[in-house]
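The following paragraphs lead through the structure shown here, beginning with one pair of packed elements and then widening to the chain as a whole.

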Amino acid sequence: TKLLNDLWTDFCTLYIMRTVEDNFPQEDFYLFKLKTLCGMTYKQVQEKTQAKKVRQRVCDIKNWLKDNVRKEDVKEVFTEMYGDII
């Protein structure tokens, strides 16, 4: 059960990251990764990258994900890829 839960968590993370990478500029994707995967604050991301409007850019991505990525879609792709081992 733990292995399956870990697989699901990792798959969801990679799916979301790939979706963001495919739909946003590379710099915005980098800001999003720093904020979400590295756990940096918006201020830390801004200081590290010297990018402008970091909070707005990351929030735009989060809002886009809420509007465009459904858990059911992620589950469907997961089942297609790993259904034979669950």
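In this predicted model, helix 1 and helix 4 pack with their axes 11 Å apart and at an angle of about 110 degrees. Angles of 65 to 115 degrees count as roughly perpendicular, and helix 1 and helix 4 are therefore roughly perpendicular to each other. The crossing in which helix 1 passes helix 4 is right-handed. On the side of helix 1, the contact is formed by I16, T19, V20 and N23, and these residues meet I61, W64 and L65 of helix 4. By character, the residues of this contact between helix 1 and helix 4 comprise five nonpolar and two polar, with no charged residue.

A second packing arrangement involves helix 2 and helix 3. The axes of these two helices lie 9 Å apart, and the packing angle is about 135 degrees. An angle between 115 and 145 degrees falls outside the ranges for roughly parallel, roughly antiparallel and roughly perpendicular; helix 2 and helix 3 are therefore oblique to each other. Helix 2, too, passes its partner, helix 3, in a right-handed crossing. The residues that meet are Y30, L31, L34 and K35 from helix 2 and Y42, V45, K48 and T49 from helix 3. In this contact of helix 2 with helix 3, five residues are nonpolar, one is polar and two are charged.

The interior of the model can be considered next. In soluble globular proteins, nonpolar side chains tend to be buried together. Here the largest nonpolar core contains 20 residues, and V20, F32 and V54 are those with the most contacts inside it. At least two residues of this core come from each of helix 1 (2-23), helix 2 (26-36), helix 3 (42-49), helix 4 (54-68) and helix 5 (71-82). V20 has already appeared among the residues by which helix 1 contacts helix 4.

Which residues does F32 touch, not counting residues up to four places away in sequence? The partners of F32 are I16, M17, V20, L37, V58, I61, K62 and L65. Among them, I16 and V20 also take part, on the side of helix 1, in the contact of helix 1 with helix 4, as do I61 and L65 on the side of helix 4.

The loop between helix 3 and helix 4 deserves separate attention for its backbone geometry. Q50 is found in this loop, and although Q50 is not a glycine, its phi is positive, at about 60 degrees. With a relative accessible area of 56%, Q50 is exposed. K53 lies in the loop between helix 3 and helix 4 as well. Phi of K53 is likewise positive, near 55 degrees, in a residue other than glycine. K53 is exposed, its relative accessible area being 67%.

The chain as a whole may now be described. The protein chain has five helices and zero strands, so that, under the numbering of helices from the N terminus, its elements run α-α-α-α-α from the N terminus on. Taken along the principal axes, the C-alpha atoms fill a box of roughly 45 × 25 × 15 Å. Of the 86 residues in the protein chain, 27% are buried. Among contacts with a separation of 6 or more, 55% are between residues 24 or more positions apart.

Notes: Residues are numbered from 1 along each chain as its sequence is written. This is a predicted model: local features need pLDDT of at least 70, side-chain atom pairs count only at pLDDT 80 or more; totals for chains, interfaces and linings use all residues. Side-chain values use heavy atoms; hydrogens and water are left out. A nonpolar core is a set of buried Ala, Val, Leu, Ile, Met, Phe, Trp, Tyr and Cys residues joined through side-chain atoms within 4.5 Å. Buried means under 20% relative accessible area, exposed over 50%, partly exposed in between (1.4 Å probe, protein chains only). Helices (H or I, at least four residues) and strands (E, at least two) are DSSP runs, numbered from the N terminus. Contact means heavy atoms within 4.5 Å. Axes are lines fitted to C-alpha atoms, for helices over the stretch in contact, and angles run from 0 to 180 degrees between N-to-C directions. Angles under 35 degrees count as roughly parallel, over 145 as roughly antiparallel, 65 to 115 as roughly perpendicular and the rest as oblique. A crossing is left-handed if the near helix is turned anticlockwise from the far one by less than a right angle, and right-handed if clockwise. Ala, Val, Leu, Ile, Met, Phe, Trp, Tyr, Cys and Pro count as nonpolar, Asp, Glu, Lys and Arg as charged, and the others, Gly among them, as polar.
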